[in-house]
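Subject: Structure handover

Hello,

Here is the structure I said I would pass on. Please open it first; my notes on what was found follow below.

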Amino acid sequence: MNNKSKISDIFFKIIFGVLFAIVLNAFTFDLYSADLFNKWGISREAATKKFIRSNEATTVFTPVKNPDYENKIMNMVKLILRNVDADTDKNITVVTTKTNPRKDFLFFKNKLFSVLEAYNTISRDELKTVIKKLTAQYGEPNYNPGSEMEIYFISTKVTKIIVHYYLTSKRCEIYYYDSLLYHKLSANDF
C-alpha cells in the first residue's frame, strides 16, 4: 500500500467515524429527554408547535373519553379543582404523541400545565443518560431509592420534575409541571 492509499484510508476512517458519531448522537438525542420545559400556561397551539414535530402522529382526548388514562399530576389537579368546579374533566385535554418516549401534554382550559414522558422499558444505563440530561438542563436531582421504585426530584423556580423508575418492569415516567401549578389552581388563577 502506498502513502496516498494509506492517507486516503485513514481520512476515510476519520470521516466515517465522525459521521457515525453524528448519526448516533442524533438518534440518542431523539430517544432521551431533550426538551426544555420552561414555559407553562402557553396555549395548546403554541405548545404543539414548540414541542411536537409536524410529522409526529398524535391523539387528543379528555379524561372522560379515556377513563383508563392514568397520570399522577392530572389526578392531583383534578383533586384540587373539585373545590372550584364539579366537572373538572371538561377543562382538561391530553395531547399524546406516538413516539418513544411517548409524550403526554396536559392542558387545562387549553393552557399547558404538565408534560409526561413515558418510557415502556429503559435500562439502568439509559436511565443514567436521561438523568444526566435532566441534570444538565434543570440541576441536580434529589434521589430517593426504594425497593420497588426509584424516585428523582428536581425543582427550579419555573419547573418541577419527578422521575419514577420502576425496578421490576424497567418502566420510567418523567413528570414535568409548573412550579406554581397548585398555587395557581387553588387561587383559580390559571
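Two strands count as paired here if DSSP finds at least two bridges between them. By that rule β2 and β3 pair in the antiparallel sense, over five bridges. Keep in mind that this is a predicted model.

**The sheet**

Eight strands make up an open sheet. Their order is β1-β2-β3-β4-β8-β7-β6-β5, and the pairing is antiparallel. Which strands sit at the edges? They are β1 (58–61) and β5 (142–144), each pairing on one side only. On average, neighbouring strands are turned by 15° against each other, with direction ignored.

**The β2 side**

Start with β2 (92–97). Six of its six residues are buried, so the strand is mostly covered; buried means under 20% relative accessible area. I92, V94 and T96 point one way from β2. T93, V95 and T97 point the other way. Both sets are buried. As a rule, side chains in a regular strand alternate between the two faces of the sheet.

On one side, β2 runs antiparallel to β1, and four bridges join the two. T59 has T96 of β2 as its bridge partner. On the other side is β3 (102–108). There, I92 is bridged to F108 of β3. β2 and β3 form a hairpin with four residues between them.

The loop of that hairpin deserves a look. P101 is found in the loop between β2 and β3. The peptide bond from N100 to P101 is cis, with omega near 5°.

The next loop, between β3 and β4, has two backbone angles to check. K109 is found there, and so is N110. K109 has a positive phi of about 50°, though it is not a glycine. N110 also has a positive phi, near 65°, and is likewise a residue other than glycine. Most residues other than glycine have a negative phi, and most peptide bonds are trans. Are these two residues buried or exposed? K109 counts as partly exposed, because its relative accessibility is 44%. N110 is partly exposed too, with a relative accessible area of 40%.

**The β7 side**

Now β7 (residues 159–166). Why is this strand described as largely enclosed by the rest of the structure? Because seven of its eight residues are buried.

Its partners are β6 and β8. β6 (residues 149–155) pairs with β7 in the antiparallel sense over seven bridges. S155 is bridged to K160 of β7, and M149 stands opposite Y166. The two strands form a hairpin with three residues between them.

β8 (residues 172–178) also pairs with β7 in the antiparallel sense, again over seven bridges. Here V163 has I174 of β8 as its bridge partner. The hairpin of β7 and β8 has five residues between the strands. Within that hairpin, K170 takes a positive phi near 65°.

**Helices on the sheet**

Helix α3 (residues 72–81) lies across β2, β3, β4, β7 and β8. α3 runs at about 40° to β8. Helix α4 lies across β4, β6, β7 and β8. The angle of α4 to β7 is about 170°.

**The cores**

Nonpolar side chains tend to be buried together in soluble globular proteins. In this model, the largest nonpolar core has 27 residues. Which of them touch the most other members? They are F105, L112, L134, V163, I174 and Y176. Two of these, V163 and I174, are also the bridge partners across β7 and β8.

Several elements feed this core. α2 (44–51), β3, β4 (111–119), α4 (124–138), β6, β7 and β8 each supply at least two residues. The largest share, five residues, comes from α4.

There is also a second, separate core of 19 residues. Its members include M74, I92, L116 and I162. Of these, I92 has already come up as the bridge partner of F108.

If you look at a few places only, I would go to the cis bond from N100 to P101, the positive phi values of K109 and N110, and the one at K170.

Best wishes

Technical notes: Residues numbered from 1 in each chain as written. Predicted model: local features only at pLDDT ≥ 70, side-chain atom pairs only at ≥ 80, totals over all residues. Heavy atoms only, no water. Buried < 20%, exposed > 50% of the residue type's maximum accessible area, 1.4 Å probe, protein only. Core = buried A, V, L, I, M, F, W, Y, C linked by side-chain atoms within 4.5 Å. Axes fitted to C-alpha atoms, helices over the stretch in contact; angles between N-to-C directions. Contact = heavy atoms within 4.5 Å.
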